[in-house]
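Good morning, everyone, and thank you for making room for me on the agenda. Please bring up the sequence and the structure, and I will talk through them slowly.

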Amino acid sequence: MCGISGIWERNGCSLQDLKTRASAMTQTLSHRGPDDSGVWLNEQASIAFGQRRLAIIDLSPMGHQPMVSTNGRYTITFNGEIYNFRELRAELERRGVQFRGHSDTEVIVEGFARWGVKSTIARLNGMFAIAAWDARERQLFLARDRMGEKPLYWAIFDGLVLFGSELKALRAHPGWKPRLNRGAIAAFLRHGYVPGPFTIYEGVYKLPPAGFAKIASGGGPEVGVYWDLAGVVSQGQRNTLRADEEGLVDELEALLHDAVSRRMIADVPLGAFLSGGYDSSTVVALMQKASPRPVRTFTISFENPTFDEAKHAEAVARHLGTDHTTFPVSGADALNVVPNLADMYDEPFADSSQIPTHIVSALTRKRVTVALSGDGGDELFSGYDRYQRMDNVWRPAAKMPLALRRLASSSIRAVPPSTFDSIARYVPYVRRVPRVGQKAHRLAQILSTSSIDSMYYQIMSQTQDDLVKGSQEVRTACWDQNLEVLLPDPIDRMRYLDMCAYLPDDILTKVDRASMAVALEVRVPLLDHRLVEWVWKLPSVQNARARRPKHLLRRVLARHVPDRLVERPKMGFGVPLADWLRGPLRNWAEDLMSEACLIAGDIFYVEAIRSLWAEFLSGDSRRYYLIWNILMFQAWHRRWGEASVADTGTSAWHPFRIEDMAMTPSIVLGAGSA
C-alpha cells in the first residue's frame, strides 16, 4: 500500500525542475507510505513518477518503487495489493521471466513487458491505482481497481499531465491553478461527497472504478473501463444461477473463503475490524478458519449506547476465539478528530462516520499494519434497511393517488422529529429503530415522489435547495434513464446505483483516507470482483427479496456463529452530530457559518444558509446532515481555498474536460498489446 504521484511535462522541463516538482508532490503523500520513498525521472520525455511505500509484501529493497521492467520498456508506480500475484508470477516464470525479488509490483511490471498493459490489468485480482510509462511508444497509462478501493486523481492542462493518490500531490505542482467547480459543490451538498468522475476542481478528475486511461505525447487521452459493472449485471441477469439454496450457500462460502484467505497474505502483522454485524463477523469467522492461531480483531466502544457495538463484537470474538481488543473512545477523542478532517480528506467529504473510522484505524495501527474489513456487504447483499423500506413503502404507496400521498407527507411533517424519538423510547431496544424522527421526516419527504427511483434519489439526497450561486449540478449515474431496462427489480437498481457511486465515492473513500492517514492498509474481501460477478447472477428472490436481508450471507455465517450473537437492528457507525453541533462544536460551527465567512467565499446564497443554521439552532433537527455538509465544505475551503471559484472568466491553463469527450467511460477498452 502506498501513495503515488507523477508529472508529464509534455512541453518540456529541465531535469532539476522535474526532480524538484516530483519530489514535492511525492512528499505530500508521506503519511500513506512511511517506509520508503522513490522518484524516477526520464529527462528525454520530461516525465517523473513518485512513490511513498508502506511495505507489506517483500519488505526488502527489491520492492522499491518506481520499478522498471527488466527489458527497460515499462516503468510503474503502484498503490495497492494484488491477491493473485503468485499465480501470475508462476505463469510468467513458465514463460521464462526471471524475477529479482518477491513483490507483487514486479509481477505487474513484468506482466506489462510480456502481455501488454491492458491485458495484464484485466488479469489482476486486487485493489490498485497504477501509473505506467511505455518508453517505446511514449505513452502514459493510468488504471484503477474494479470497485474503486484505491483512489487516483488526474488532470491535463495544456501540455501538463498530473496524477496522484490524493489531490495534495497535484496541488504541490508550482503551476497548480484549477478553479472550484460550482456544479461539484452543489452535488457535494446533496450527497456529502463529490461524485466521480468529477472532483471539486474544474478539469481535475477521479479515474472511475475499473478506469483505464491512455495518454500519448500529443492530443487528448483515451478514457474507458476494462471491466464494466453494467455489463456484469446484464450478463448476470441473462445467466442466473440455478442451484438450490443449499448449493448456493456452499458456492458462496467457497468464494468468500478464497477471497478472505487471499487477503491474509502479508509479511507484516495483520488483523481485522470487528463490529459484531453480519459482514465483519463473516470475514473474521473465515479468517479464523484459515488461521492456525487466533486472529487479532479490533473494535471501539463509545460512552453513548446508541452508537456502541462493542459488546456485540466481543461476544462474536469470544465465540470464534480471536485475540480481541476493544478500545474505549470518549466524546472528546472523537471531537479532536474534527479539526483534522480537511487535511485528511483533501476534497470536501461529509460522511460523519469518517470520525470513528479514523479512530479505529489509528488505534488498530498501533498493533497491526493490515486490517480486513466487512465493507461492501450492504451493497452486495442488499443489506441497507432503505432497500427493503423503499420497496415496502412504494408498493402500497403506488396504489394511492399522488394527492393522498402528499397529504400523508404533510401530516407526518406536522409532528416534530423529537416527538417521534420520544415515543420510540417505549419500544423494546431490539425492535427500536434508531433516529426514528429523522427517518419519519425523510419518509414524508419522499412520499410525494412519482416513482420509486425518484423516491430513492430523494432519500439519498440532503437538499433540493438552490444554495450555490450560478451552479448546474454535475450529473451522476442516478440520472441514467436506461436503468429500468437493465434492472427491472427496484431493489436491484438501488444497490446497482450504490455500487456505482455511494460505494466508491463515499464508503471506500472514507476507509482509504481514514486508514491511510495513519498508514494502515485496509483490505475488503467482500469486494473481490469474482464475488461481485457471482452475486449479480443470483435471482432477486435469493438476494434482494429473501426472507430477510443478506439471507445467503447469513446462512454462511450461521455455520460459524450462532444467529443470536449477530441478530439485532442495524446500527451503522455514526456519531451524535446534532448534539455536538449545539454543544461542544457550537463555536467552531458558528465561526464557519458566520455571515463574514460565508460572504468571503462568494459561493453560497448567504441568507439561505444562515436561515438553515438558525432553524437548526432553534431545535429543528430535520436537516442537520445538510448543515454538516455545509460545515465540511466551509472547513475544507478555509484550509484549501487558495483556488478561486470557477466562473465565466478565463484560466491561465486550459483543462481537458472529460464532459466534452465523445467517448464515454462505459465503453470497455479492448485487451490488446498496448
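I will go through two sheets, then the core, one helix and a few single residues. Please keep in mind throughout that what we are looking at is a predicted model.

Let me begin with a reminder for those who are new to this, namely that the strands of a sheet pair through backbone hydrogen bonds, either parallel or antiparallel. We have an example of each here.

One open sheet has six strands, and if you walk across it you meet them in the order β2-β3-β1-β9-β8-β10, with antiparallel pairing. The edges are formed by β2, residues 36-42, and β10, residues 204-206, each of which pairs on one side only. From one strand to the next, the twist averages 10°. If you look inside this sheet, you will find β8, residues 153-157, paired with β9, residues 160-164, in the antiparallel sense over five bridges, and there Tyr153 has Gly164 of β9 as its bridge partner. Lying across β1, β2, β3 and β9 is helix α1, residues 15-27, which runs at about 150° to β1.

The other open sheet has five strands in the order β15-β14-β13-β16-β17, and here the pairing is parallel. Its edge strands are β15, residues 323-329, and β17, residues 521-523, each pairing on one side only. Neighbouring strands in this sheet are turned against each other by 30° on average, with direction ignored. Strand β14, residues 296-302, runs parallel to β15 and is joined to it by seven bridges, and within that pair Thr299 stands opposite Thr326 of β15. Helix α9, residues 278-290, packs on this sheet and touches β13, β14 and β16, with its direction making about 155° with that of β13.

Now to the interior. The largest nonpolar core has 217 residues, and those with the most contacts inside it are Ile121, Leu140, Leu142, Trp154 and Trp628. Helix α21 supplies the largest share of this core, with 13 residues. To take one of these well-connected residues, which partners does Ile121 contact, leaving aside its neighbours within four places in sequence? They are Phe112, Phe128, Ile130, Ala143, Arg146, Phe212 and Tyr226.

Helix α7, residues 229-238, has Leu229, Val232, Val233 and Gly236 as its buried residues. Seen down the axis of α7, these buried residues fall within an arc of 95°, so they line one face of the helix. It helps to recall that an α-helix has 3.6 residues a turn, so residues three or four places apart point the same way. What covers the buried residues of α7 includes α20, α21 and α22.

Let me finish with some single residues. Met344 lies in helix α12, residues 341-344, and because its relative accessibility is 9%, under the 20% cut-off, Met344 counts as buried. Not counting residues up to four places away in sequence, Met344 touches Lys168, Val337, His358, Arg513, Ala514 and Ala517. The C-alpha atoms of Met344 and Ser515 are separated by 9.7 Å, although these residues are 171 residues apart along the chain.

As for the cysteines, Cys2 is buried with a relative accessible area of 4%, and Cys597 is buried too, with a value of 18%. How many disulfides are there? The count comes to zero.

Conventions
Residues numbered from 1 in each chain as written. Predicted model: local features only at pLDDT ≥ 70, side-chain atom pairs only at ≥ 80, totals over all residues. Heavy atoms only, no water. Helix = DSSP H or I, 4+ residues; strand = E, 2+ residues; numbered from the N terminus. Buried < 20%, exposed > 50% of the residue type's maximum accessible area, 1.4 Å probe, protein only. Contact = heavy atoms within 4.5 Å. Arc of directions from axis to C-beta. Pairing = 2+ DSSP bridges. Axes fitted to C-alpha atoms, helices over the stretch in contact; angles between N-to-C directions. Disulfide = S-S within 2.5 Å. Core = buried A, V, L, I, M, F, W, Y, C linked by side-chain atoms within 4.5 Å.
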